[in-house]
Amino acid sequence: MEMKTHARVVIVGGGMMGASLLYHLALDGCTDCVLIEKNELTSGSTWHAAGQCPSITGSYNLAKIHAYSNQLYPQLEALTGQAVSWHACGGLRLANDAHELAWLRFVHGYSKSIGFRMEIVGLEEIKRLNPFLTTEGVIAAAWTQDDGHGDPSGLCQALAKGARDLGATVMRHTRVIDIRPRPSGEWEVVTGSGSIVAGMVVNAAGCYARQVAQMVGSDAPITNMQHHYVVTHPVPAFLERSGEIPVIRDSYSSSYIRQEQKSGLMGVYENTGLQEAWTPRGHPEWEASNELFADDLDRIAPWLERAILRMPIFGDVGIRRVINGAIPHTPDGAPLLGPAAGLRNFWMCCGTSFGIAQGGGCGKYLAQWMLHGDAEINMTEFDPRRFGAFADSRYVRDKVFQDYRQTYVTRRPGEEEPAGRPRKVSPLYRRLETQGCVYGETFGWERPKWFSLDGRTEQYGYARSNIFDVVGAEVAAVHERVGILDLTGFAKYDISGPGALAFLDRVCANRMPRVGGIVLAHLLSPGGRIQGEMTVTRLGEDKFYALSAAAAELRDRDWLLHSLQPGEAVRIENVTEERGVLVLSGPRSRDVLRSLTDADLGNESFRWLRAREIEVAGQPVRALRVSYIGELGWELHAPMQSLPSLYDALWDVGRDYGIANYGLYAVNTMRIEKCYKAWSSELTNELNMLEADLPRFIQFDKEDFVGKAATRAQRPRPFQIVHVEVAATDTDARGGEPVLSQDRCIGLITSGGYGHRVKKSLAFASVDTEFAAPGSRFEVLIQGERRPATVLGAAAFDPDNLRMRV
Ligand SMILES: Cc1cc2nc3c(=O)[nH]c(=O)nc-3n(C[C@H](O)[C@H](O)[C@H](O)COP(=O)(O)OP(=O)(O)OC[C@H]3O[C@@H](n4cnc5c(N)ncnc54)[C@H](O)[C@@H]3O)c2cc1C
């Protein structure tokens, strides 16, 4: 085949991920795409996969990806003419304890919103679906009827064929050996048989994704793990029987178990003796294709034995075939889908450890993002820029080993694992730890979640836990006295220069403030969808200080830098690691601060939403009078090294006022009481400012800004974010619960919790617009119980902001 010299998109890698992306780009009309594969299609991880496609997975958004794959694969043969051997046998995920059952109930809730079939069934029904299963220790199971398994090679070939039939190009036996930037912003993709200039390049290189990313000076936080499954000799009981048992997934044996034709198949996620693929040889060699590793049955034996205890009929027949192949894994177990940090027109479509189940959906939603600027689902948790320089090889390996080991372990809400930590800490890390701080990890940062003053540890679960009152006491300290919080992880940018004002007015929906003012500003895509949320302070005519979520540091940096126009006189500096942040909140915060500064903190001279550079305890501090929790207070941004002395000074003075540490659990309940929506849960790429119900932060009378026309041209809104009160019992909505009107699913909870100041269970929900009016009533399904909910017309706590204005 004559090689193309130019293409709109070049995809590197012809496994499930690359082929699905090619198909979905072509389906969406983008056929000027070339997929380059160094060997045969499917010759990486894809060909040796067991081909299972479960509906149940760890997160709501990932479940949408799985659900789409499970809709697509049964139709692929008819769509493309390529056999895929789809077996619609369904799946049974066993619950071996109450925590697992609680999680399955939670997933059952969002199955209604996503639309995949799922039931929680008892032992009798489990036995009916699989009469051979030993149900010892099992208390229930999730029965997901849309699950199945297919032939991974067939699925991948079908997607590639479908793409080719639509006009896309596939090049086999061609290795990409380099990728070079061109001044035009395009890429030159160099192969052994010549070069192609590409408008966009996608890294879909599976186990080689790290090497391909390194070609452009980037990285992909991936460790490749060895994983086994075994196939037995034919099982007599299956020979006598038509039909197929559902795929079993079981934490007791840390395995998946299914029927393969008339044989048994068992795949094991061992907990010890894990093996990185290619470890002895360092990185995989380019020549590796269709490669399997030597079996290590001893390593997986303890789990295999348990799998056989579950299915004794497999124990009688002996093992016929063992597969031990490589799977790419990321530190958090989610795929890498989206732009590579710091680069233009370079995308990631890799890092999936369930690439057969996820391939279909990953291809669909990434294609939407690439072609239309946004996907229709929330892509935040898949964005490769959730990892930064902190995710070095050691960190990635530690996290991946943990993730692999815990494939079938049910993590409870709030539960975090120690692997790879701590990575990024504020100078107060140890000091707060000695005061009982329990940390959570975000973008590598250790951030205070809550303080254990009596040595207790959190008993994780969906219901209100043993730290409910502890969080309540932190809230009370902030509400009645004064609290202090280390929020050093905030992403921080200095934006300056003669063009800074015009630049920010163009990229933000809100108008920039006068000098000394602070505004909440949203970054919108040209299509009007929400990309980011920043607090912008104007320190001088041409000098701004922007803050955004810790997890958004690289995303927002890229968004700002990529929005610059040629010749624009604007300097954007990421100063995240230069400044620490202490938040001082509560009615006595002024008294505390006043003791340590000569600056006039009176309400007339230092008003709410104003900022000043002042000295506190002899340290230069950017003091921002702003609050995310609805109390009087200041954020104190100071040079990182001065944080300990600043904290000590505030604590010493604060003692007279009953100062207390507080953490992000308390912040979360207070921001919900204040009806403050959060980036990534309420504010996502799925919606625009009107759907987010944030009209006061969009200035339509301002000169043009990115996203203005699209927001204005908005068709009738299909849904809206609303603030609701929930009649909960001992379990609050936390995000992911379906909202029901009679038997219709009319929305989803985006976040929620108990408001300790108002003594109410509260939440945000995304609901059909007809249910958005204040006073509308519906129900929220929490742990299988329908709880009444009512839309509030104003913030549950202090709707007039009186407490922040005093
Ligand atoms: C034993 C086993 C069982 C599994 N079972 C399941 C399962 O039941 N369900 C499930 O969902 N997942 C399963 N998986 C995981 C699944 O196989 C992977 O997640 C998936 O195949 C990854 O697809 P991919 O397209 O990202 O990578 P790959 O399939 O590895 O594709 C990447 C391709 O890129 C090519 N390439 C790399 N570098 C270059 C270059 N420089 N130039 C050109 N081409 C290049 C490679 O040759 C390769 O073909 C299993 C894995 C194993 C090992």
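1. Burial overall. Of the 806 residues in the protein chain, 63% are buried. Note that this is a predicted model. The secondary structure comes to 20 helices and 37 strands.

2. Dimensions. The radius of gyration of the protein chain is 27 Å, which agrees with the value near 28 Å for a compact globule of 806 residues. Taken along the principal axes, the C-alpha atoms fill a box of roughly 85 × 60 × 55 Å. Contacts reach far along the sequence: among those between residues at least 6 apart, 73% join residues at least 24 apart.

3. Nonpolar cores. In soluble globular proteins, nonpolar side chains tend to be buried together. Here the largest nonpolar core has 58 residues. Val 10, Ile 36, Ile 179, Ile 196, Val 201, Phe 346 and Met 348 have the most contacts inside this core. Helix H11 gives the most to this core, with 5 residues. A second, separate core has 51 residues, including Leu 22, Ala 334, Ala 357 and Ala 367.

4. Around Met 348. Which residues does Met 348 touch, not counting those up to four places away in sequence? On one side of the numbering come Val 202, Asn 203, Ala 213, Ser 218, Asp 219 and Ala 220, among others. The list also includes Leu 336, Leu 337, Gly 338, Ala 340, Leu 366 and Pro 384.

5. Aromatic pairs. A search of the whole structure finds 24 aromatic pairs. One of them joins Tyr 208 and Trp 286, which are stacked at 5.1 Å centre to centre with 15° between the planes. Tyr 208 lies in the loop between strand S11 (194-203) and helix H6 (209-215), while Trp 286 lies in the loop between strand S15 (263-268) and helix H8 (297-310), so the pair ties together parts that are 78 residues apart in sequence. Burial of the two partners should be read separately. Tyr 208 counts as buried at 8% relative accessibility. Trp 286 is partly exposed, with a relative accessible area of 24%.

6. Aromatic cluster. Tyr 256, Tyr 269, Phe 354, Tyr 404 and Tyr 408 form one aromatic cluster.

7. Salt bridges from the S15–H8 loop. The structure has 52 salt bridges. Arg 299 and Glu 270 form one of them, at 3.0 Å from N to O. Arg 299 is in helix H8 and Glu 270 is in the loop between S15 and H8, so this pair ties together parts 29 residues apart in sequence. Both Arg 299 and Glu 270 are buried. Glu 276 forms another salt bridge, with Arg 397; the closest N and O atoms are 2.6 Å apart. Glu 276 also lies in the loop between S15 and H8, and Arg 397 lies in helix H11 (residues 393-405), so the pair ties together parts 121 residues apart. Which partner is buried and which is partly exposed? Glu 276 is buried, with a relative accessible area of 18%. Arg 397 is partly exposed, at 36%.

8. Arg 622, two partners. The side chains of Asp 494 and Arg 622 meet in a salt bridge of 3.1 Å, N to O. The pair links distant parts of the chain, with Asp 494 in strand S22 (residues 491-496) and Arg 622 in strand S29 (residues 619-624), 128 residues apart. Asp 494 counts as buried at 14% relative accessibility. Arg 622 counts as buried at 6%. Arg 622 also lies over the face of Tyr 545, at 4.4 Å from the ring centre.

9. Other charged contacts. Asp 383, Arg 385, Arg 555, Arg 557 and Asp 558 are joined into one network by salt bridges that share partners. Elsewhere, the charged end of Arg 757 sits over the ring of Phe 797, 3.7 Å from its centre.

10. Helix H14. Is helix H14 (residues 500-507) mostly covered or mostly open? Helix H14 is mostly covered, with 6 of its 8 residues buried. The buried residues are Ala 500, Phe 503, Leu 504, Asp 505, Arg 506 and Val 507. Their cover includes S22, strand S23 (518-524), strand S24 (530-540), strand S25 (543-548), helix H15 (553-563) and strand S26 (571-574). S22 is also the strand that holds Asp 494.

Note on methods:
Residues are numbered from 1 along each chain as its sequence is written. This is a predicted model: local features need pLDDT of at least 70, side-chain atom pairs count only at pLDDT 80 or more; totals for chains, interfaces and linings use all residues. Side-chain values use heavy atoms; hydrogens and water are left out. Rings of Phe, Tyr and Trp (its six-membered ring) pair if their centres lie within 6.5 Å; planes under 30 degrees apart count as stacked, over 60 as edge-to-face and the rest as tilted. Helices (H or I, at least four residues) and strands (E, at least two) are DSSP runs, numbered from the N terminus. Buried means under 20% relative accessible area, exposed over 50%, partly exposed in between (1.4 Å probe, protein chains only). A charge sits over a ring if NZ of Lys or CZ of Arg is within 6 Å of the ring centre and within 35 degrees of the ring normal. A salt bridge is a side-chain nitrogen of Lys or Arg within 4 Å of a carboxyl oxygen of Asp or Glu. A nonpolar core is a set of buried Ala, Val, Leu, Ile, Met, Phe, Trp, Tyr and Cys residues joined through side-chain atoms within 4.5 Å. Contact means heavy atoms within 4.5 Å. The radius of gyration is taken over C-alpha atoms; the globule rule is 2.2 Å times the number of residues to the power 0.38.
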